[in-house]
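Student: I've got this model open and would like a close look at just one part of it. Could you pick one strand and walk me through its surroundings, then say how they compare with the rest?

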Amino acid sequence: MSGTRRGRPGKGLGAGVTGHNHRFVAGRCGADAPWVLQDERVSDAHRAVRAADPDSPLDPAAMRAQYRTAGLAEEDLAADPYEQFARWFADAVASGLHEPNAMVVSTADAEGRPSSRTVLLKAFDARGFVFFTNYGSRKGLEIAANPYVSVLFPWHPIARQIIVAGRAKRVAAEETAAYFRSRPRGSQLGALASDQSTVVASRAEIDAAYARLAARYPEGTEIPVPTEWGGIRVVPERLEFWQGREHRLHDRLRYVRDGEGWRIERLCP
Ligand SMILES: Cc1cc2nc3c(=O)[nH]c(=O)nc-3n(C[C@H](O)[C@H](O)[C@H](O)COP(=O)(O)O)c2cc1C
């Protein structure tokens, strides 16, 4: 049952996790079952007993991964954060970790109440980080009321994390249309069928909406870009690169926008 690590990063990566005293390595547990599913097979009563047991492999307080010592030094950083992001993104892809483009986007409503969810990064360049969503969703409405967002790449298997703070804005309609056209037909219809984040009476209602649209736009016809769907670009003001190190003395280097350029700061771990 000991953890198996897929796609362990190469030595040159300077990242990785060693010395786990728990089984949940790289999101896998034993016989190829995602650990969440494994956990769900434990009955509630069993789970309660095991969680109270300090030797339990399910006790989060006892989970302590030790990170490799290779660090992140100021002189290793690229002059601009986009190039640094590109290097680390390439490392994350090379490590084989699942969905390296998955990122947690946090927004806050007009009263400052936060909410978070995972989305997929679909483009990045010197203009920022782009994901696609429904503008009428909770996140879409919150961004319309308050453009300040936080984006987090949780690359646990390689002991890295990137946090981007910035302002969100809609991408141009042509950029949305170009990406929409590149999506599989089913995803195009899905985006059109779902009034994301609104309450719906049943699954059947969603499936019926999809079926109606599939009949209306048969193979060979063009599916219109939903008016309330499109890209959001997060234009960064700060980007923190976090590298896990031994004894919890991690490296945290942060690019802060400074006029036309960037200032680099080191933060205590
Ligand atoms: C791995 C993963 C990727 C996702 N990618 C997207 C995405 O790119 N765009 C999106 O709108 N929702 C995506 N979702 C769903 C969101 O997490 C969320 O449920 C949805 O956007 C509604 O969020 P909201 O109600 O907070 O606006 C993804 C979920 C997961 C787990």
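Student: In which sense do strand 8 and strand 11 pair, and over how many bridges?

Tutor: They pair in the antiparallel sense, and six bridges join them. Bear in mind that this is a predicted model, so everything here is computed from its coordinates. Strand 8 covers residues 128-134, and strand 11 covers residues 229-243. If you want one place to look, find Thr133, whose bridge partner in strand 11 is Gly230.

Strand 8 is one part of the story. Strand 11 also pairs with strand 10 (residues 160-170), again antiparallel, and here 11 bridges join the two. On that side, Arg160 stands opposite Gln243 in strand 11. Then comes strand 12 (residues 251-258), which pairs with strand 11 in the antiparallel sense over six bridges. Two pairs to click on there are Leu239 opposite Tyr255 in strand 12, and Gln243 with its bridge partner Asp251. Gln243 is a handy landmark: it faces Arg160 and also bridges to Asp251.

Is strand 11 mostly covered or hardly covered? It's mostly covered, with 11 of its 15 residues buried. For scale, 27% of the 269 residues of the protein count as buried.

Arg233 makes a good example, since you might want to see how an arginine sits in this strand. Arg233 is found in strand 11. The residue counts as buried because 20 other C-beta atoms lie within 10 Å, and the cut-off for buried is 20 or more. Setting aside neighbours within four places in sequence, Arg233 is in contact with Arg127, Gly128, Phe129, Val130, Lys169 and Val171. Gly166 is worth a glance too: Arg233 and Gly166 are 67 residues apart in sequence, yet their C-alpha atoms are 9.6 Å apart in space. Links across the sequence turn up in the protein as a whole as well: among contacts between residues at least 6 apart in sequence, 60% join residues at least 24 apart.

Now follow the chain out of strand 11. Arg248 is found in the loop between strand 11 and strand 12. Its phi is near 65°, a positive value in a residue other than glycine. Most residues other than glycine have a negative phi, so that angle is worth a look on your screen. Arg248 counts as exposed because it has 10 C-beta neighbours inside 10 Å, quite a contrast with buried Arg233. Glu99, in the loop between helix 3 (81-95) and strand 5 (102-108), also has a positive phi, near 45°. Glu99 is exposed too, with 10 other C-beta atoms within 10 Å.

Keep going and strand 12 finds another partner. Six bridges join strand 12 to strand 13 (residues 261-266), and the two run antiparallel. Val256 stands opposite Arg263 in strand 13. Two residues sit between the strands of this hairpin, where Gly259 takes a positive phi near 65°.

For contrast, what does a hardly covered element look like? Try helix 7 (residues 203-216), where the count of buried residues among its 14 residues is zero. Its length checks out: at 1.5 Å a residue, the helix should span 20 Å, and its end C-alpha atoms are 20 Å apart, which agrees. Hardly covered doesn't rule out packing, though. Helix 6 (residues 185-193) and helix 7 pack at an angle of about 120°, with their axes 9 Å apart. That angle makes helix 6 oblique to helix 7, and their crossing is right-handed. At the interface, Leu189, Gly190, Leu192 and Ala193 in helix 6 meet Ile206, Ala209, Tyr210, Leu213 and Ala214 in helix 7.

Leu213, in helix 7, shows how this works for a single residue. Leaving out residues up to four places away in sequence, Leu213 touches Leu189, Leu192 and Ala193. Leu213 and Gly190 are 23 residues apart in sequence and 9.0 Å apart in space, C-alpha to C-alpha. Even with those contacts, Leu213 counts as partly exposed because it has 16 C-beta neighbours inside 10 Å.

So, back to your strand: strand 11 is mostly covered and pairs antiparallel with strand 8, strand 10 and strand 12.

Notes
Residues numbered from 1 in each chain as written. Predicted model: local features only at pLDDT ≥ 70, side-chain atom pairs only at ≥ 80, totals over all residues. Helix = DSSP H or I, 4+ residues; strand = E, 2+ residues; numbered from the N terminus. Expected span 1.5 Å × (residues − 1). Buried ≥ 20, exposed ≤ 12 C-beta atoms within 10 Å, placed from the backbone. Pairing = 2+ DSSP bridges. Axes fitted to C-alpha atoms, helices over the stretch in contact; angles between N-to-C directions. Parallel < 35°, antiparallel > 145°, perpendicular 65-115°, else oblique. Left-handed = near helix turned anticlockwise from the far one by under 90°. Contact = placed C-beta atoms within 7 Å.
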